Amino acid sequence: MPLWVDKVIALLELSWVLFLIPAIFIFYLRKDFLALRFVCVTGVFFLFGALIYDSLREFDKDIYVYRYLVWAFNDVAWMALIAYLGIKDKVYLWQCVLGQLVVITAPILQLFRVVDRHLWDLSYSTLMYKTLLPLINTGTIVVCYLPLIYLVIKIIKL
């Protein structure tokens with residue numbers, strides 16, 4: 001991959017929370033607390049991932065196992081919390097389901113990366129990992145903004 005692509009991906013990986021700040025602000029002003037809760041939970045998990053990123057890589061610099069397990073657990077924990085909030089009607093159920101469908105591939109990809117690096121000692125997952133993970137994160141951001149997109153489309157139709 002060209003160097004500029006790697007730099008853009010690195011910037012995106014560390015700044016997903018910045019993309020959510022406008023959504024948090026807009027949903028708070030609109031008093032759309034279901035969408036606000038979804039965005040805030042997602043933002044907290046993105047922030048947690050950004051905060052532990054460097055220290056986790058430093059801790060796991062020789063083994064390359066723990067980082068993928070922690071990131072997979074982080075994705076599964078997000079999915080579990082969003083599912084719980086969806087069942088309790090604390091977030092939009094449709095947004096919960098779409099979020100689950102987008103993020104389900106992330107922990108699978110993390111665990112496939114561990115297996116690929118240590119059991120097979122191949123590099124099949126490198127391209128998939130560097131391509132799909134930013135797409136999954138972008139899809140999650142889009143799901144966070146969907147209530148706002150729905151509102152804009154509804155206003156345009158009037």
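Okay, let's start at I63, which sits in the loop between α3 (33-59) and α4 (66-87). Bear in mind that this is a predicted model.

So is I63 buried, exposed or partly exposed? Its relative accessible area is 42%, so I63 counts as partly exposed, because that class runs between the 20% limit for buried and the 50% limit for exposed. I63 also belongs to a nonpolar surface patch, together with F59, Y66, L69 and L111. Add those five up and you get about 500 Å² of accessible area.

Right, on to the aromatics. Searching the whole structure turns up six aromatic pairs. Take Y53 and W71: the ring centres are 5.9 Å apart and the planes sit at 15 degrees, so we call that pair stacked. What I like here is that this pair links distant parts of the chain, with Y53 in helix α3 and W71 in helix α4, 18 residues apart.

W71 has another partner, Y68. That pair is edge-to-face, at 5.8 Å centre to centre with 80 degrees between the planes. Y68 and W71 are three residues apart in helix α4, so about one helical turn separates them. And where do they sit, buried or exposed? Both Y68 and W71 are buried; for W71 the relative accessible area is 11%, so W71 falls under the 20% cut-off.

Now put the rings together: Y53, Y68 and W71 join Y129 in one aromatic cluster. Y129 has a charged neighbour too, since R113 lies over the face of its ring, 4.9 Å from the ring centre.

Note on methods:
Residues are numbered from 1 along each chain as its sequence is written. This is a predicted model: local features need pLDDT of at least 70, side-chain atom pairs count only at pLDDT 80 or more; totals for chains, interfaces and linings use all residues. Side-chain values use heavy atoms; hydrogens and water are left out. Patches are made of residues with over 30% relative accessible area and no salt bridge: like charges are joined within 9 Å, nonpolar side chains (Val, Leu, Ile, Met, Phe, Trp, Tyr) within 5 Å. Accessible areas come from the Shrake-Rupley method with a 1.4 Å probe; for residues, only the protein chains shown count as cover. A salt bridge is a side-chain nitrogen of Lys or Arg within 4 Å of a carboxyl oxygen of Asp or Glu. Helices (H or I, at least four residues) and strands (E, at least two) are DSSP runs, numbered from the N terminus. Buried means under 20% relative accessible area, exposed over 50%, partly exposed in between (1.4 Å probe, protein chains only). Rings of Phe, Tyr and Trp (its six-membered ring) pair if their centres lie within 6.5 Å; planes under 30 degrees apart count as stacked, over 60 as edge-to-face and the rest as tilted. A charge sits over a ring if NZ of Lys or CZ of Arg is within 6 Å of the ring centre and within 35 degrees of the ring normal.
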